[in-house]
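Please look through the structure below with an eye to its charged side chains. The paragraphs that follow take them pair by pair and then turn to one that is left without a partner.

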Amino acid sequence: MLAACGGAAAPAPEQAATASTPSHPASAVTSAAPSVTVISTPAPTARPIAAVLERIDPAKLNDHMVALASFGSRDARNANHAKAVSYLKEQLGAIPGVVIQTHRAAYNGIPLENIFALIDPLTPPPATGWVMICAHYDSISNRSSGWNPTITAAPGADDNGTGTAALLEYARVLAQERASLMQRIVLAFFDGEELFFKGSAAYLGSLPDPNPYAAVLNIDMVGFNPIADRLDLIWYTNGSARLRDRVIAANDRYQIGVDPLIPQLATSGATILDAAPFGLAGIPSIAVVERYGESDTTYPGNDAFHTVNDTPDKVTNNRLWLKAAKLTLATALELAR
């Protein structure tokens, strides 16, 4: 893996105000990032987490997912991948209070671009203890006959348009909650997950010592299940056990209603999820996904994922999608507050 660096993109001039936002410390990001000024319109007092969760708009989730699928393919080897990059930056750049940064890497000559949205407290955050919520925005259709990554469609509506849309909606919601935060929340849009999490692994390798993250929460493929509102909760080594338990408790505390919520211990990189490199490196990490493994009585299998047929009409369990989005955000907010 070859890591190069991208710069920090400042918000548009009309978003400028007086507060200065600290730079991302990862060594793979430009080291002398300019001071960035942002506007924030936080609530005068912290909204209860349950009330924040209700601000997630299912219509906005769907609009983002449909837009991402409309590009035809987000495979890193496909020319349309650039349209997804532009869309993410445009959407994030339109939200006052959000700072955008990028991290570039390459794998076997394939350029990758990770995109980060930083949601900071109103005062400069500590250098450690950050909370990451991540999703991969790239797609693949390698289960389709005659697949050619450069030309074959890979709409990736469920995998992972659903998770990527959730991150975009988090940016909108969290930008209004900065007054309640004690820690930085980083929304990480990872590239190259379908190449065996090459984008997230490259980013992990760029981080300074000590690593700034206290927890990583990954949301990936959460919009299909005609049988149950099921999520698998993937956790990594004993170092992630407390984070696993926090997610389970949040499902009950905020009456989110994921049922069943099934913890699964992952001990190797065979779980192709962006939480894996962080969790296996000892950073508390979990992933929520509609199913990771064989089908059973609560999940019938998804024949569309990783094919040209992973289109918006296959995202049929909007209730599960919203629950997954709420569960991930609730956990992140508890940690960041």
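In this predicted model, Arg-104 and Glu-113 form a salt bridge in which the closest N and O atoms are 3.2 Å apart. The two partners can be told apart by their surroundings, for Arg-104 is partly exposed, with a relative accessible area of 37%, whereas Glu-113 is buried, with a relative accessible area of 8%.

A second pair joins Glu-334 to Arg-246, with 3.1 Å between the closest N and O atoms. Glu-334 belongs to helix α8 (residues 318–336) and Arg-246 to helix α6 (residues 241–253), so this salt bridge ties together parts that are 88 residues apart in sequence. Here the acidic partner, Glu-334, is buried at a relative accessible area of 17%, while Arg-246 is partly exposed at 33%.

Lys-314 and Asp-313 also form a salt bridge, their closest N and O atoms lying 3.1 Å apart. In this pair Lys-314 is partly exposed, its relative accessible area being 29%, and Asp-313 is exposed, with a value of 52%.

These pairs are among the 20 salt bridges that a search of the whole structure finds. Salt bridges also link several residues at once, since Arg-47, Arg-55, Glu-177 and Arg-337 are joined in a network of them.

Which side chain of opposite charge is nearest to Asp-138, a residue that is buried yet has no salt bridge? It is that of Arg-77, which is 7.1 Å away. Side chains of opposite charge can pair when their charged atoms come close, but a salt bridge requires the nitrogen and the carboxyl oxygen to be within 4 Å. Asp-138 is placed in the loop between β6 (130–136) and α4 (157–174), and a polar atom of its side chain lies 3.2 Å from the backbone nitrogen of Glu-193. When neighbours within four places in sequence are left aside, the residues in contact with Asp-138 are Arg-74, Asp-159, Asn-160, Phe-190, Asp-191, Gly-192, Glu-193 and Glu-194.

How far these details can be read depends on the confidence of the prediction. The mean pLDDT of the protein is 89, and 87% of its residues reach 70 or more. Over residues 1–43, however, the pLDDT is below 50, although this stretch has 101 contacts in the model beyond near neighbours in sequence. Where pLDDT is low, the predicted coordinates should not be read in detail.

Terms used: Residues numbered from 1 in each chain as written. Predicted model: local features only at pLDDT ≥ 70, side-chain atom pairs only at ≥ 80, totals over all residues. Heavy atoms only, no water. pLDDT = per-residue confidence, 0-100. Contact = heavy atoms within 4.5 Å. Helix = DSSP H or I, 4+ residues; strand = E, 2+ residues; numbered from the N terminus. Buried < 20%, exposed > 50% of the residue type's maximum accessible area, 1.4 Å probe, protein only. Lys, Arg positive; Asp, Glu negative; His and termini not counted. Polar contact = N/O pair within 3.5 Å; in protein donor to acceptor, adjacent residues only side chain to side chain.
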